[in-house]
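Please work through the exercises below with the sequence and the three-dimensional view side by side. Each one sets a task and is followed by a solution in steps.

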Amino acid sequence: MSLCVSFYLNGNIYVFADTRVSAYKNGRSYYVHDNYNKLRQVGDKVVFTSGELEICDNLFAAIDERSTVDDIAEAARKAYNDFKRANPDYDGGKYGIEFGAYVHAIEDGVPVYYQLRYIDDFKVERRVPNNQELFAVAGRSEEALAHIAKLAGRNIPIDTAILRTYEHLANEFIGGNLVRYTVMPGGVERLVRPIRDTKPLRMWPVRGASLHADMQGNVVARKITLTGTVENSSINTSTINAGTINGGTINGAQIIGGSITSNTDININRDIRVGNNIYLGLTGQTNDRRIEFVDSGPYRSYIGFTNATKQLELYAANDIRINSGLNVSLNAAYDVNVNANRVIIPFNTYLGSASSSNRLVMQADLGGKANVEDAGYNLTFDTSTRNLKMYNRYGDLMAQVNIPK
């Protein structure tokens with residue numbers, strides 16, 4: 001549970017919310033930690049969420065600075081319904097699975113306030129508050145309004161009255177830090193101050209862990225250190241920075257700056273994009289390597305490297321096609337340094353194989369051959385004269401031999 005207070009003064013909006021997270025069990029609330037931002041700036045708007053943290057996180061992940069109020073309402077509806085479907089037996093407490101989002105914005109110079117609540121399927125409810133009007137939503141909101149009014153009646157400045165009210169109401173689910181956003185026609189400002197606890201708190205058994213735990217054993221953590229083995233668990237839609245992950249399965253995660261080491265296959269069902277180079281193997285390794293293309297049938301194609309012969313082989317189960325917008329060049333040469341000079345040692349280039357009976361040769365191989373214009377093109381034998389005649393391609397007689405009986 002949370003508490004959000006908003007105050008409207010001279011065209012500006014002042015929005016307050018605490019950062020405390022609690023867990024609920026057997027009708028009682030327990031303090032967990034003070035590090036959750038229930039109130040966040042989204043573009044030129046300030047959005048407050050209250051309820052199950054997983055739903056709040058999914059809502060904030062689905063919206064950005066371009067989101068309209070209707071977009072936020074649809075994202076809230078989806079996040080709420082997705083959670084209900086995934087947790088059919090979830091015990092949300094006395095009122096079920098509670099969740100709401102409240103949007104503060106200035107439209108055409110006028111402060112506006114939107115309520116998006118689970119009890120009416122996140123219907124967009126818009127309100128234009130009056131000057132100096134005060135709102136409070138979520139936990140102990142009526143007590144909060146009454147206490148603020150009492151302090152303001154003693155000529156205590158409204159900002160101080162709101163802070164003292166949070167300290168007066170602080171318990172297992174209200175407290176931590178008081179975050180204030182000021183929404184103005186020219187921008188948004190943020191201020192954070194601590195909320196002093198005035199009474200002892202019932203602590204969740206995992207004291208000091210920066211997490212939210214539900215009663216089904218699920219953990220949503222901002223920062224957590226685990227010692228030992230994590231079994232039968234999934235890490236979904238997470239960001240993992242500069243870690244080493246050995247074995248296991250990570251689903252839907254973004255991994256930044258880390259090392260992944262595994263003794264088993266790494267199966268990826270979508271694209272892989274790299275910045276520059278892909279290296280197969282390490283310096284000093286002597287094993288063969290292959291990039292293989294596999295389909296649902298028996299056909300496979302691959303690019304393979306054989307370490308023993310240092311050969312690179314391109315194999316296709318069917319055709320190999322090379323298409324180029326310009327020239328296609330095949331060059332065989334060895335680039336070495338001899339006495340600090342670069343020397344290119346050429347080798348033969350073949351299509352087919354090096355065998356003289358099974359190759360297409362290059363222009364250099366044809367240079368020493370006879371002119372094709374002089375080659376024999378047709379042979380005829382006259383039985384009456386017994387003359388064997390050879391003609392060129394143009395029909396000119398090139399040679400005649402008489403063959404006696």
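The exercises that follow concern a predicted model, and they move from cores and helix pairs to sheets and loops.

**Exercise 1. Find which residues have the most contacts inside the largest nonpolar core, and which elements give two or more residues to this core.**

Step 1. The largest nonpolar core holds 32 residues, and those with the most contacts inside it are Ile55, Leu59, Ile63, Ile72, Phe99, Val103 and Leu116.

Step 2. Two or more residues each are given to this core by the strands E3 (21-25), E4 (28-33), E7 (99-107) and E8 (110-117), and by the helices H1 (53-62) and H2 (69-86). The largest share, eight residues, comes from H2.

Step 3. Taking Ile63 as an example, and leaving aside its neighbours within four places in sequence, one finds it in contact with Val42, Ile72 and Ala75.

Step 4. There is also a second, separate core of 18 residues, which includes Ile156, Ala161, Ile162 and Tyr166.

**Exercise 2. Describe how H1 and H2 pack, and state which residues meet.**

Step 1. Two packed helices are described by the angle between their axes and the distance between the axes.

Step 2. For H1 and H2 the angle is about 140 degrees, and the axes are 9 Å apart. Because angles over 145 degrees would be needed for roughly antiparallel, H1 is oblique to H2.

Step 3. The crossing in which H1 passes H2 is right-handed.

Step 4. On the H1 side the residues are Glu54, Ile55, Asn58, Leu59 and Ala62, and these meet Ile72, Ala75, Ala76, Ala79, Tyr80 and Phe83 in H2.

**Exercise 3. Determine whether His147 is buried or exposed, and place it in the packing of H3 and H4.**

Step 1. His147 is part of helix H3, which covers residues 141-152.

Step 2. The relative accessibility of His147 is 13%, and since buried means under 20%, His147 counts as buried.

Step 3. Not counting residues up to four places away in sequence, His147 touches Arg164, Thr165 and His168. These three are among the residues of H4 that meet H3, where Glu143, Ala144, His147, Ile148, Leu151 and Ala152 make up the H3 side.

Step 4. The axes of H3 and helix H4 (residues 158-169) come within 9 Å and cross at roughly 135 degrees, which makes H3 oblique to H4. H3 passes H4 in a right-handed crossing.

**Exercise 4. Give the strand order of the five-stranded open sheet, and say which strands H3 and H4 touch.**

Step 1. The order is E10-E1-E2-E11-E12, with antiparallel pairing. Strand E10 (134-138) and strand E12 (187-194) stand at the edges with a single partner strand each, so one side of each has no neighbour in the sheet.

Step 2. With direction ignored, neighbouring strands of this sheet are turned by 15 degrees against each other on average.

Step 3. Within the sheet, strand E1 (residues 3-9) and strand E2 (residues 12-17) pair in the antiparallel sense over six bridges, and the bridge partner of Tyr8 in E2 is Ile13.

Step 4. H3 packs on the sheet by touching E1 and E10, and its direction makes about 150 degrees with that of E10. H4 packs on the sheet as well, touching E1, E2, E10, strand E11 (177-184) and E12, and the direction of H4 makes about 170 degrees with that of E1.

**Exercise 5. Trace the open sheet of three strands, and identify the residue with a positive phi in its hairpin of E26 and E27.**

Step 1. The strands follow the order E26-E27-E28 with antiparallel pairing. E26 and strand E28 (397-402) are at the edges, each with a single partner strand, so one side of each is left without a neighbour in the sheet. The twist averages 20 degrees from one strand to the next.

Step 2. Strand E26 (residues 378-382) and strand E27 (residues 387-391) pair over five bridges; Leu379 has Met390 as its bridge partner in E27, and Thr380 stands opposite Lys389.

Step 3. Four residues lie between the strands of this hairpin, and Arg386 takes a positive phi near 60 degrees.

**Exercise 6. Compare the settings of Asp108 and Asp121.**

Step 1. Most residues other than glycine have a negative phi. Asp108 has a positive phi near 55 degrees, and Asp121 has a positive phi near 60 degrees.

Step 2. Asp108 lies in the loop between E7 and E8, whereas Asp121 is found in the loop between E8 and strand E9 (125-127).

Step 3. At 83% relative accessibility Asp108 counts as exposed, while Asp121, with a relative accessible area of 43%, is partly exposed.

Definitions and conventions: Residues numbered from 1 in each chain as written. Predicted model: local features only at pLDDT ≥ 70, side-chain atom pairs only at ≥ 80, totals over all residues. Heavy atoms only, no water. Core = buried A, V, L, I, M, F, W, Y, C linked by side-chain atoms within 4.5 Å. Buried < 20%, exposed > 50% of the residue type's maximum accessible area, 1.4 Å probe, protein only. Contact = heavy atoms within 4.5 Å. Pairing = 2+ DSSP bridges. Axes fitted to C-alpha atoms, helices over the stretch in contact; angles between N-to-C directions. Parallel < 35°, antiparallel > 145°, perpendicular 65-115°, else oblique. Left-handed = near helix turned anticlockwise from the far one by under 90°.
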